[in-house]
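Me: Got a minute to walk through this one with me? I'd like to start with the surface and then get to the fold.

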Amino acid sequence: MSASAAKVSKKELNSNHDGADETSEKEQQEAIEHIDEVQNEIDRLNEQASEEILKVEQKYNKLRQPFFQKRSELIAKIPNFWVTTFVNHPQVSALLGEEDEEALHYLSRVEVTEFEDIKSGYRIDFYFDENPYFENKVLSKEFHLNESGDPSSKSTEIKWKSGKDLTKRSSQTQNKAGRKRQHEEPESFFTWFTDHADAGADELGEVIKDDIWPNPLQYYLVPDMDDEEGEGEDDDEDEEGLEDIDEEGDEDGEEDEEDDGEDGEDDEGEDD
C-alpha cells in the first residue's frame, strides 16, 4: 500500500469514528428526553395517587371518630389510665419527672384531632380534673403550616398556681450547686407546651399522635417491670427453699441409713 493510500484510509477511519460519536450523542440526548417525558408521567401518577390516598384517609378519619369517642368514654371509667399509659411508654416516660407524674394523675382525657385536609396539621388536647398545679381545665398544643408553608406550633399558656410551676421548679432543682442528685430529673414534661423551636420535628407530638393515640391500651397493659422482677425474686426464693428442703431431706436420709447400719452391727454382736 502506498503512503498516500494509507493516509486516506486513516482519514476515513477518523471520519467514521467521529460520525459514530455524533450518532451516539444524539441517541443519548433523545433517550434522556424520552426518560424525562416518562418521568413526568410517573410524577403525575404519584401526585394523583397522593390525592386519592388523601381522600381515603379523610374518609376513614371521619369513620373512626365515633369509635374514638366511644373509646374515650370507656377510658374515663379507668382511674389513672393516661398517666399509666405515658409512664409505660419508653419515650414519654424518659421525659417525666416525679412531680410530672403526680400532675398527670389528674389527666382525665386525651384527644388528637387531625385537621380536615390532614396534611396541614393536628391538635392534641389534654383534659385535667381540678388539681393543685394549674387553673387550666384543658391544655392544647397545635401543629400547623404557617403562611409561608413552614411547620409551626402554638399552645395553651399554662396558668400555674402559686409556687406550683413545675417548669421553673425543674430548672431550679437542676441548677442548685452542691445538691446534685444521683439520678438527675429530666426537664419537666410541661416545658413541651412552651417549646416551639422546631415544630417540624416535634418528637413528643409525633409519638402521641402516631404511636399512642391509635392504640393507647397496648401501653396501659404493659406489665410493670418492678412487679415482674419481684415475682422473679419470689420464684427464686421458693426454688431455693425447695432446694434447702431437698438437701435437708437427703441429709436426714443419710443419717437414718447410718443409724440403721449401727443398729444392725449391734444386733450381730448380741447374737454372737
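**Surface first, then the strands**

Reply: Sure. Starting on the surface, V56, Y60 and L63 make a nonpolar patch of about 280 Å². Keep in mind that this is a predicted model.

Me: Where does L63 sit?

Reply: L63 is in helix α1, which covers residues 3–75.

Me: And is L63 buried, partly exposed or exposed?

Reply: Partly exposed: the relative accessible area of L63 is 46%. Buried would need under 20% and exposed over 50%, so L63 falls in between.

Me: OK, charges now. Which residues gather in the patch of negative charge?

Reply: On the surface, E27, E30, E33, D36, E37, D43, E47, E51 and E52 come together as a negative patch. E51, one of them, lies in helix α1.

Me: Let's zoom out. How many helices and strands does the chain have?

Reply: There are 8 helices and 4 strands. Going from the N terminus, the order is α-α-α-α-β-β-β-β-α-α-α-α.

Me: What share of the residues counts as buried?

Reply: 24% of the 272 residues in the chain.

Me: Switching to the strands. Why is β3 called largely enclosed?

Reply: Because 6 of the 8 residues of β3 (residues 138–145) are buried, the strand is largely enclosed by the rest of the structure.

Me: Which strands does β3 pair with?

Reply: One partner is β2 (residues 121–128), antiparallel to β3 over 7 bridges. Another is β4 (residues 151–155), also antiparallel, joined to β3 by 5 bridges.

Me: Can you give me a residue to click on for each pairing?

Reply: For β2 with β3, try G121, which stands opposite H144 in β3. On the β4 side, E142 faces K154.

Me: What's in between β3 and β4?

Reply: The two strands form a hairpin with 5 residues between them. G149 is in that turn and has a positive phi of about 90°.

Me: Any general rule for which way side chains point in a strand?

Reply: In a regular strand they alternate between the two faces of the sheet.

Me: Last topic, D210. Which helix is D210 in?

Reply: D210 belongs to helix α6, residues 203–212. D210 is partly exposed, with a relative accessible area of 46%.

Me: How far apart are D210 and V112?

Reply: In sequence they are 98 residues apart, while in space their C-alpha atoms are 9.7 Å apart.

Definitions and conventions. Residues are numbered from 1 along each chain as its sequence is written. This is a predicted model: local features need pLDDT of at least 70, side-chain atom pairs count only at pLDDT 80 or more; totals for chains, interfaces and linings use all residues. Side-chain values use heavy atoms; hydrogens and water are left out. Patches are made of residues with over 30% relative accessible area and no salt bridge: like charges are joined within 9 Å, nonpolar side chains (Val, Leu, Ile, Met, Phe, Trp, Tyr) within 5 Å. Accessible areas come from the Shrake-Rupley method with a 1.4 Å probe; for residues, only the protein chains shown count as cover. A salt bridge is a side-chain nitrogen of Lys or Arg within 4 Å of a carboxyl oxygen of Asp or Glu. Buried means under 20% relative accessible area, exposed over 50%, partly exposed in between (1.4 Å probe, protein chains only). Lys and Arg count as positive and Asp and Glu as negative; His and the chain ends are not counted. The place of a charge is taken as NZ of Lys, CZ of Arg, CG of Asp or CD of Glu. Two strands pair if DSSP finds at least two bridges between them.
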